[in-house]
Amino acid sequence: MKKNLMKTMVAVAALSLAMTSCNKSTANDEAQAQPVAPGSLKIAYVEVDSIMSQYKFCKDYSLILQKKGQNIQNTLAAKQQQLQAAAANFQQKVQQNAYTREQAEGIQAGLQKQSADLDALNRRLSNEFQVETEKYNAALRDSIQHFLAAYNKDKKYSLILSKAGDNLLYADKAYDVTAEVVAGLNKAYKPTAATKKATEEKK
């Protein structure tokens, strides 16, 4: 669960997809209808790491997902400890001949059911966490796409690329619009009452 939590909380792939989609959606109809000569392309890029670390939406939902993931881990760990304690107690009593054969079989069956129930709970909670993460990624993509569509009405970029690590072999800082985009995203971000409550509780 911890491995999945760390994997799903990093939404770089989702953000990269968002920026790619934005590149397509922000081009004007005329540019889509007529090929643009390479020399006339107007290009910009945004640092993904800065979006993830500075965009308030990302920070808020990272806290929410972290809290939810920790609650899941705590719940599963507590039930696992209870099951282990019950199993150890059962083994001790068996060695002491404290049960009849029928009693021992009944208790053992009960422990096996608890183990199966715990596995089912693990799967259910993991699926719920995955759904929550996918909702967050979808909302992240949507917020970036909507902002860049409005942002590019004036800027008129042909392409807005996402730069994550070394996915771009070379990028001139003159084309870096990260600061503008982050500032615009944060200005447009309006946290919901539920988000405010969740982040305040976490803090």
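**Exercise 1. Decide whether phenylalanine 90 is buried or exposed in this predicted model, and describe how its ring is placed against that of tyrosine 99.**

Solution. Begin with accessibility: the relative value for phenylalanine 90 is 7%, and because buried means under 20%, this residue counts as buried. Tyrosine 99, by contrast, has a relative accessible area of 25% and is therefore partly exposed. Next, consider how such a pair is described, which is by the distance of the ring centres and the angle of the planes. For phenylalanine 90 and tyrosine 99 the centres are 5.9 Å apart and the planes lie at 20°, so the pair is stacked.

**Exercise 2. State how many aromatic pairs the model contains, and work out which parts of the chain the pair of phenylalanine 57 and tyrosine 136 ties together.**

Solution. The count comes to nine aromatic pairs. In the pair formed by phenylalanine 57 and tyrosine 136, the ring centres are 5.8 Å apart and the planes meet at 10°, and since planes under 30 degrees apart count as stacked, this pair is stacked. The second step is to place the two residues: phenylalanine 57 lies in helix H5 and tyrosine 136 in helix H6, so the pair ties together parts that are 79 residues apart in sequence. The third step is accessibility, where phenylalanine 57, at 7%, counts as buried, and tyrosine 136, with a relative accessible area of 2%, is buried as well. Finally, both residues belong to one aromatic cluster, made up of Tyr55, Phe57, Tyr61, Tyr136 and Tyr189.

**Exercise 3. Build up the surroundings of tyrosine 55, asking where it lies, what it contacts and which core it belongs to.**

Solution. Tyrosine 55 is located in the loop between H4 and H5, and with a relative accessibility of 2% it counts as buried. Leaving aside neighbours within four places in sequence, its contacts are Ser50, Leu140, Ser143, Leu185, Asn186 and Tyr189. One of these contacts can be described further, for the side chains of tyrosine 55 and serine 143 are joined by a polar contact of 3.1 Å. Another partner, serine 50, has its place in helix H4 and counts as buried at 18% relative accessibility; beyond four places in sequence, serine 50 touches Thr178 and Val182 as well as Tyr55. Tyrosine 55 and valine 182 can also be compared through their C-alpha atoms, which are 6.0 Å apart in space although the residues are 127 apart in sequence.

The last step concerns the largest nonpolar core, which has 33 residues, and in which Ile51, Tyr55, Leu140, Tyr151 and Val181 touch the most other members. At least two residues of this core come from each of E1, H4, H5, H6 and H7, while the largest share, twelve residues, is supplied by H6.

**Exercise 4. Identify the buried residues of helix H7 and the elements that cover them.**

Solution. The buried residues of H7 are Thr178, Val181, Val182, Gly184, Leu185 and Asn186. What covers them includes strand E1 (43-47), helix H4 (48-54), H5 and helix H6 (101-155). As for confidence, H7 (residues 178-188) has the highest mean pLDDT among the elements of the chain, at 97.

**Exercise 5. Compare asparagine 97 with lysine 156 in backbone, location and accessibility.**

Solution. Neither residue is a glycine, yet asparagine 97 has a positive phi of about 55° and lysine 156 a positive phi of about 60°. Asparagine 97 belongs to the loop between H5 and H6, whereas lysine 156 is found in the loop between H6 and strand E2 (159-163). Because exposed means over 50%, asparagine 97 at 67% is exposed, and so is lysine 156 at 52%.

**Exercise 6. Determine which stretches of the model call for caution.**

Solution. The chain averages a pLDDT of 85, with 79% of the residues scoring at least 70. Against this background, pLDDT stays under 50 over residues 2-14, for which the model has 20 contacts beyond four places in sequence. The score also stays under 50 over residues 20-33, where 14 such contacts are present. Helix H3 (residues 29-33) has the lowest mean pLDDT among the elements, at 43. Where pLDDT is low, the predicted coordinates should not be read in detail.

Methods
Residues are numbered from 1 along each chain as its sequence is written. This is a predicted model: local features need pLDDT of at least 70, side-chain atom pairs count only at pLDDT 80 or more; totals for chains, interfaces and linings use all residues. Side-chain values use heavy atoms; hydrogens and water are left out. pLDDT is the predictor's confidence in each residue, from 0 to 100. Helices (H or I, at least four residues) and strands (E, at least two) are DSSP runs, numbered from the N terminus. Contact means heavy atoms within 4.5 Å. Buried means under 20% relative accessible area, exposed over 50%, partly exposed in between (1.4 Å probe, protein chains only). Rings of Phe, Tyr and Trp (its six-membered ring) pair if their centres lie within 6.5 Å; planes under 30 degrees apart count as stacked, over 60 as edge-to-face and the rest as tilted. A polar contact is a pair of N or O atoms within 3.5 Å; within protein, one must be able to donate a hydrogen and the other to accept it, and residues adjacent in sequence count only if both atoms are side-chain atoms. A nonpolar core is a set of buried Ala, Val, Leu, Ile, Met, Phe, Trp, Tyr and Cys residues joined through side-chain atoms within 4.5 Å.
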